[in-house]
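Biologist: I am new to reading protein models, and I would like a close look at one part: the interior. Could you walk me through what sits there and what it touches?

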Amino acid sequence: TAAALTLTGCEEKKADGEAPSRFASVKRDNATKAASTFCEKQYPAGEGGKRFKAPAERPIPGVDASANPPKAGAWRWVNLWATWCHPCVEEMGLLARWKNSLTADGVNIDFELWSLDDEEAALTGWLKKTTLPGRPRWLRAHEDLAPFLEGIGADAASAIPIHALVDGNGNLRCLRVGAVHDEDYGAVKAFLTGA
């Protein structure tokens with residue numbers, strides 16, 4: 001399943017309360033370090049860049065697929081997540097605040113939140129009780145995940161959450177595997193505004 005591919009032991013905790021080793025890279029000593037390392041991979045804009053191709057999608061029952069269409073020329077924040085992934089769910093509030101702040105700061109941005117849930121009931125139940133900071137989308141099948149991850153430059157066995165920033169021309173510009181944190185906002189804003 002998608003869960004097995006992306007998160008063997010997503011909610012595992014070490015006895016001393018530390019994050020599992022695969023999440024250690026997202027723990028930051030200070031905001032300066034976070035600002036310099038937000039994007040694990042960066043791609044150039046324009047020719048020579050990496051075109052972003054969304055994965056195959058399946059409809060989410062009860063969600064209007066035509067609602068919140070992407071804005072022309074907007075940045076797209078593509079987030080891979082699942083209801084069973086604690087770090088993914090935990091950062092949704094932060095992503096909502098960032099979306100509001102970035103919009104207030106003049107950044108034209110849309111959020112696409114791609115669920116890797118296998119169970120329809122888990123996803124639709126969660127969506128009924130939660131407001132997401134962007135358009136929910138659902139990966140068609142777990143077989144589509146590994147090729148999609150490799151296509152964006154991530155390891156096929158990468159753990160979620162995964163974040164990709166796509167410019168208004170459809171070019172993948174930034175890839176981050178792992179959770180985001182408050183102290184990352186400055187680096188994200190600087191990247192998106194070219195500051």
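**A walk through the interior**

Modeller: Gladly! Let us begin with contacts between residues at least 6 positions apart: in this protein, 73% of them join residues 24 or more positions apart. Please keep in mind that this is a predicted model. The protein has 195 residues, and 46% of them count as buried. It contains 7 helices and 7 strands, which follow one another as α-α-β-β-β-α-α-β-α-β-α-β-β-α.

Now for the nonpolar part of the interior. The largest nonpolar core has 50 residues, and those with the most contacts inside it are F38, W77, L80, I152 and L192. Several helices and strands each supply at least two residues of this core: the helices α4 (92-104), α5 (120-129), α6 (145-151) and α7 (185-193), and the strands β3 (75-81), β4 (109-115), β6 (162-166) and β7 (171-177).

A good residue to click on is W77. Leaving out residues up to four places away in sequence, W77 touches F38, L95, W98, I109, D110, F111, E112, H163, A164, L165, V180 and V188.

Next, look at the last helix, α7. Which of its residues are buried? They are Y185, A187, V188, F191 and L192. These residues span an arc of only 165° around the axis, so they lie on the same side of α7. Just after α7 comes G194, with a positive phi near 75°. As background, most residues other than glycine have a negative phi.

What does α7 meet? One partner is L102, which lies in helix α4. L102 has a relative accessible area of 0%, so it counts as buried. Apart from neighbours within four places in sequence, L102 is in contact with V107, I109, Y185, V188, K189 and L192. Take K189 from that list: L102 and K189 are 87 residues apart in sequence, yet their C-alpha atoms are 7.0 Å apart in space.

The interior also holds charged residues, and E91 makes a nice puzzle. E91 lies in the loop between α3 (86-90) and α4. E91 is buried but has no salt bridge; R176, the nearest side chain of opposite charge, is 6.8 Å away. A salt bridge here needs a side-chain nitrogen within 4 Å of a carboxyl oxygen. What does the side chain of E91 reach? It reaches the backbone nitrogen of V180, at 2.9 Å. Not counting residues up to four places away in sequence, E91 touches N79, P161, H163, A179 and V180.

One of those neighbours, P161, deserves a stop of its own. P161 sits in the loop between α6 and β6. A cis peptide bond, with omega about 10°, joins I160 and P161. For comparison, most peptide bonds are trans.

Other charged residues do pair up: there are 10 salt bridges in the count. E57 takes part in a bridge with R135, at 3.8 Å from N to O. That pair links distant parts of the chain, 78 residues apart, with E57 in the loop between β2 (50-51) and β3, and R135 in strand β5 (residues 135-138). E57 also forms a salt bridge with R137, where the closest N and O atoms are 2.7 Å apart. Since E57 is in the loop between β2 and β3 while R137 is in strand β5, this pair ties together parts that are 80 residues apart in sequence.

Are these three residues buried or partly exposed? E57 is partly exposed, because its relative accessibility is 32%. R135, with a relative accessible area of 16%, is buried. R137 is buried too, at 12% relative accessibility. The charges do not stop there: E57, R76, E112, R135 and R137 are linked in a network of salt bridges. You have met E112 already, as one of the residues that W77 touches.

Let us finish with a pair in which both partners are buried: D167 and R173. They form a salt bridge, with 3.6 Å between the closest N and O atoms.

Key: Residues numbered from 1 in each chain as written. Predicted model: local features only at pLDDT ≥ 70, side-chain atom pairs only at ≥ 80, totals over all residues. Heavy atoms only, no water. Core = buried A, V, L, I, M, F, W, Y, C linked by side-chain atoms within 4.5 Å. Buried < 20%, exposed > 50% of the residue type's maximum accessible area, 1.4 Å probe, protein only. Helix = DSSP H or I, 4+ residues; strand = E, 2+ residues; numbered from the N terminus. Contact = heavy atoms within 4.5 Å. Lys, Arg positive; Asp, Glu negative; His and termini not counted. Polar contact = N/O pair within 3.5 Å; in protein donor to acceptor, adjacent residues only side chain to side chain. Arc of directions from axis to C-beta.
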